[in-house]
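The following exercises are to be worked through with the sequence and the model side by side. Each task is followed by a solution in steps.

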Amino acid sequence: MINKSDCIFCKIIDKEIPAKIVFENKDVCAFPDINPKAKVHILIVPKEHREGLFSLSERDVELVGKLMVSVAEVAKKFNLESFRVIINSGSGAGQSVFHLHLHLLSPEGFIV
């Protein structure tokens, strides 16, 4: 279990580490992945720390909905007509930052 104070995404959300924030509201923050796997690769992160999918419970249903709505808002912002969303859950699946996050990837568009 990672401590919130040691979480790089929490530090980005709290503006302790600089990042190019491309979308933000009261619940969600989005920024480009520093190691992109597509022309557009944006991480969509809840501001409230959750380690991953296994840390979610019934109390997080609204949060998960807000994450999905934020994916659509980010895609619209960048005029993406097609994209995919990936959630890695656990180190064996490629999760390297243990703060729940969604990868929005698209072969089209660009980040300004």
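**Exercise 1. The nonpolar cores**

Which residues does Val-74 touch, not counting residues up to four places away in sequence?

*Solution.* As a preliminary, the model is a predicted one, in which local features need pLDDT of at least 70 and side-chain atom pairs count only at pLDDT 80 or more, while totals for chains, interfaces and linings use all residues. Residues are numbered from 1 along each chain as its sequence is written, and side-chain values use heavy atoms, with hydrogens and water left out.

Step 1. With residues up to four places away in sequence not counted, Val-74 touches Phe-23, Ala-30, Ile-42 and Ile-44; contact means heavy atoms within 4.5 Å.

Step 2. The setting of these contacts is the largest nonpolar core, which has 16 residues; those that touch the most other members are Ala-30, Ile-42, Ile-44, Val-74 and Leu-104. A nonpolar core is a set of buried Ala, Val, Leu, Ile, Met, Phe, Trp, Tyr and Cys residues joined through side-chain atoms within 4.5 Å. Buried means under 20% relative accessible area, exposed over 50%, and partly exposed in between, with a 1.4 Å probe and protein chains only.

Step 3. At least two residues of this core are supplied by each of β2, β3, α2 (61-77) and β5. The largest share, four residues, comes from α2. Helices (H or I, at least four residues) and strands (E, at least two) are DSSP runs, numbered from the N terminus.

Step 4. Another core lies apart from this one; it has ten residues, including Cys-7, Phe-9, Cys-29 and Phe-31.

**Exercise 2. Strand β3 and its partners**

Determine how strand β3 is placed and with which strands it pairs.

*Solution.* Step 1. Strand β3 covers residues 40-46, and seven of its seven residues are buried, so β3 is largely enclosed by the rest of the structure.

Step 2. In a regular strand the side chains alternate between the two faces of the sheet. Here Val-40, Ile-42, Ile-44 and Pro-46 point one way from β3, while His-41, Leu-43 and Val-45 point the other way.

Step 3. Strand β2 (residues 28-32) pairs with β3 in the antiparallel sense over five bridges; two strands pair if DSSP finds at least two bridges between them. Opposite Leu-43 in β3 stands Phe-31.

Step 4. Strand β5 (residues 102-106) and β3 also pair in the antiparallel sense, over five bridges. Val-40 stands opposite Ser-106, and the bridge partner of His-41 in β5 is Leu-105.

**Exercise 3. Strand β5**

Are the residues of β5 buried or exposed?

*Solution.* Step 1. Five of the five residues of β5 are buried, so this strand is largely enclosed by the rest of the structure.

Step 2. Leu-102, Leu-104 and Ser-106 point one way from β5, and His-103 and Leu-105 the other way.

Step 3. Strand β4 (residues 84-86) pairs with β5 in the antiparallel sense over three bridges. Within this pairing, Leu-104 in β5 is the bridge partner of Val-85.

**Exercise 4. The aromatic pair**

Which residues form the aromatic pair, and which parts does the pair tie together?

*Solution.* Step 1. The structure holds one aromatic pair. Rings of Phe, Tyr and Trp (its six-membered ring) pair if their centres lie within 6.5 Å; planes under 30 degrees apart count as stacked, over 60 as edge-to-face and the rest as tilted.

Step 2. The partners are Phe-9 and Phe-31, at 5.5 Å centre to centre and with 70° between the planes, which is edge-to-face.

Step 3. Phe-9 lies in helix α1 (residues 8-13) and Phe-31 in strand β2, so the pair ties together parts that are 22 residues apart in sequence. Both Phe-9 and Phe-31 are buried.

**Exercise 5. Cys-7 and Asp-60**

Describe the surroundings of two buried residues, Cys-7 and Asp-60.

*Solution.* Step 1. Cys-7 belongs to the segment before α1 and, at 1% relative accessibility, counts as buried.

Step 2. Leaving aside neighbours within four places in sequence, Cys-7 is in contact with His-49 and His-99. The C-alpha atoms of Cys-7 and His-99 are separated by 7.2 Å, although these residues are 92 residues apart along the chain.

Step 3. Asp-60 is found in the loop between β3 and α2 and counts as buried, at 2% relative accessibility. Not counting residues up to four places away in sequence, Asp-60 touches Arg-50 and Ser-55.
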